[in-house]
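Me: I'd like to learn how to read a protein model from its surface features. Can you walk me through one, step by step?

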Amino acid sequence: MKKISTLLSVALLTSLSMSSCTDTKQITDLQDQARRLEAQVQKERQENAELSSYRFSMESQFKRKNEDYVKCQEEGKENFESLSKKYGELGSDYEKLQAAYKSLNEANDANREMSARVIVDLEERIKQIRIANAPSTARKRSRRR
């Protein structure tokens, strides 16, 4: 900042000495102009520093958001792969259970049929035994009389 001020002062003095201008009003005007330019340069430097800081902040935010996005994408991919694998395993387990239930149902049906046959057979035997025992019971009754 002091460099600019010094350079402007030297430039003004040089230009004044070359133009052989010794009017104090002109010197004052030039000094005011130099101060305004100096203030404008200082203001622009301040704005530039603020913009640089803002830019750095935005770049940092973008970098963080981008990293979060990439991480999220990777986790999403891992989750999808994991869920796909689990879904495949569940499908396989479901098919195994279906086969087991089918086998159990077939065995149950076969047992029912076998039990029904056994019941029918036993009922037939009981009927035959009753028929065979019925006349002998009638004879015993008639003997008792």
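**Reading a helical chain**

Reply: Sure, let's start with one residue and its place: L97 sits in helix α2, which covers residues 24–144. Keep in mind that this is a predicted model.

Me: How many helices and strands does the protein chain have?

Reply: The protein chain has 2 helices and 0 strands.

Me: What percentage of the residues of the protein chain count as buried?

Reply: The general idea is a cut-off: buried means under 20% relative accessible area, and exposed means over 50%, with partly exposed in between. Here, 3% of the 145 residues count as buried. The accessible surface of the protein chain is about 13500 Å², and carbon and sulfur atoms hold 56% of that.

Me: Back to L97, then. Which residues make the nonpolar surface patch?

Reply: To join a patch, a residue needs over 30% relative accessible area and no salt bridge. In this model L97, Y101 and L104 make a nonpolar patch of about 350 Å². L97 has 48% relative accessibility, so this leucine counts as partly exposed.

Me: Now the salt bridges. What is the count?

Reply: The idea is a distance rule: a side-chain nitrogen of Lys or Arg lies within 4 Å of a carboxyl oxygen of Asp or Glu. By that rule the count comes to 6 salt bridges. Let's go through some of them.

Me: OK, which residue forms a salt bridge with D32?

Reply: That's R35, and the closest N and O atoms of the pair are 2.5 Å apart. Look at the spacing along the chain too: D32 and R35 are 3 residues apart in helix α2, so about one helical turn separates them. As for exposure, D32 is partly exposed with a relative accessible area of 28%, and R35 is also partly exposed, at 48%.

Me: And E59, how far apart are the closest N and O atoms in its salt bridge with R55?

Reply: They are 3.1 Å apart. E59 and R55 are 4 residues apart in helix α2, which means a separation of about one helical turn. Check both partners against the cut-offs: E59 has a relative accessible area of 40%, so it is partly exposed, while R55 has 55% and is therefore exposed.

Me: Where do R125 and D121 lie?

Reply: Both lie in helix α2, 4 residues apart, about one turn of the helix. Their side chains meet in a salt bridge at 3.6 Å, N to O. R125 has a relative accessible area of 47% and so is partly exposed; D121, at 38%, counts as partly exposed as well.

Me: What about charges outside the salt bridges? Which residues gather in the patch of negative charge on the surface?

Reply: For a charged patch, like charges are joined within 9 Å, and residues in a salt bridge are left out. In this chain E74, E75, E78 and E81 gather in such a patch on the surface. Take E74, one of these residues: this glutamate is found in helix α2. Its relative accessible area is 48%, so E74 is partly exposed.

Note on methods. Residues numbered from 1 in each chain as written. Predicted model: local features only at pLDDT ≥ 70, side-chain atom pairs only at ≥ 80, totals over all residues. Heavy atoms only, no water. Buried < 20%, exposed > 50% of the residue type's maximum accessible area, 1.4 Å probe, protein only. Areas by Shrake-Rupley, 256 points an atom, 1.4 Å probe, with all protein chains shown as cover. Patch = residues over 30% accessible without salt bridge, like charges linked within 9 Å, V, L, I, M, F, W, Y side chains within 5 Å. Lys, Arg positive; Asp, Glu negative; His and termini not counted. Charge placed at Lys NZ, Arg CZ, Asp CG, Glu CD.
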